[in-house]
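Reader: Could you take me through this protein step by step, with the reasoning behind each answer?

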Amino acid sequence: MVRDRMVELLQEHFELNLYEARAYVALVGFGVLTPAELASVSEVPAPRTYDVLRSLEKKGFAISQPGKVNKYRPVHPENILEKFIEEWQERVKEELEAKKKAKEELLELMNPLIETEIPKYGVERIWVVRGIRNATIKTKEMFEEVKEQILLADDGYIAINLESDIIKAIDNGAKANIIVTENVYHRLGTSKIMDYYKAGKLELKVIDKLELPMLICDDEVFFALEDMAARYFNYETQIWIKDFRVKALFEGKFNEYWEKAKKV
């Protein structure tokens, strides 16, 4: 219903709760309402109408007319919604600046800890990373830190979604050999990866199937454990390993794929 959609939009985008949104829609429809009238024409429970209307007034969506029985009328939607957006933009700017300042302060405070990271954690060479967001962050870190070589065997995510990170790593001097499955290749289309391939700045091949998708950046290896249910819910378990022996094993498998793959 149209009314339900209006209520939904007010809740999702204009910070009204369910009863406030229902009350405001009713006010817009009827013009002027007392709390008792609101209860009779909307789905706002009678015991809540006074509180809901006062809250709408406080938020700027309604104004009241004092009397023996208070009456309420809506502020015109065009006016209050535009005002809300303007105030929201200012609030977001302030929050963004606050977050930037907090980031700078945290980095300054954490710098002594960061400087001691190698002695404290240098022996840790295996990490488990769960979820697409965490995997993306880790993959981005690998592209930022790679110095010499990128070997990517990809069946669906990295080449398409982290294209700019790959390109930046290549621009910074890393050599890249990329194998993608057919479905990924078709989605690359007019991407910069294709431009760089045509310009001879990276090697690209296509393969029918990858049993073991992987990313190798220098001595770091990143791959996902096979779990279709976890993949469906974007909660795959990814393994990150930094060890030249493991890297050699995975590089051997990558080279097998490379031999099987077709030139673009």
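The questions below go from the domains to the cores, one helix and some salt bridges.

Author: This is a predicted model, in which local features need pLDDT of at least 70 and side-chain atom pairs count only at pLDDT 80 or more, while totals for chains, interfaces and linings use all residues. Residues are numbered from 1 along each chain as its sequence is written, and side-chain values use heavy atoms, with hydrogens and water left out.

Reader: What distance separates the centres of domain 1 and domain 2?

Author: The protein is divided into domain 1, residues 1-75, and domain 2, residues 126-263, with bounds that come from an automatic or database domain assignment. Taken over C-alpha atoms, the distance between the two centres is 54 Å.

Reader: Which helix gives the largest share of the largest nonpolar core?

Author: A nonpolar core is a set of buried Ala, Val, Leu, Ile, Met, Phe, Trp, Tyr and Cys residues joined through side-chain atoms within 4.5 Å, where buried means under 20% relative accessible area, exposed over 50% and partly exposed in between (1.4 Å probe, protein chains only). The largest such core has 30 residues, and among those that touch the most other members are Phe143, Ile166 and Leu202. Its largest share, four residues, comes from residues 163-171, which form helix α9.

Reader: Why do the buried residues of α4 line one face of the helix?

Author: Helices (H or I, at least four residues) and strands (E, at least two) are DSSP runs, numbered from the N terminus. In α4, residues 49-58, the buried residues are Thr49, Val52, Leu53 and Leu56. They line one face because, seen down the axis of α4, they fall within an arc of 95 degrees, an arc taken from the directions from the helix axis to the C-beta atoms.

Reader: Is Asp165, which meets Lys140 in a salt bridge, buried or exposed?

Author: A salt bridge is a side-chain nitrogen of Lys or Arg within 4 Å of a carboxyl oxygen of Asp or Glu, and the side chains of Asp165 and Lys140 meet in one at 3.1 Å, N to O. This pair links distant parts of the chain, with Asp165 in helix α9 and Lys140 in helix α7, 25 residues apart. Lys140 is partly exposed at 31% relative accessible area, whereas Asp165, at 14%, is buried.

Reader: What separates Arg5 and Glu8 along helix α1?

Author: The side chains of Arg5 and Glu8 meet in a salt bridge of 2.9 Å, N to O. Because they are three residues apart in helix α1, residues 2-13, the separation is about one helical turn.
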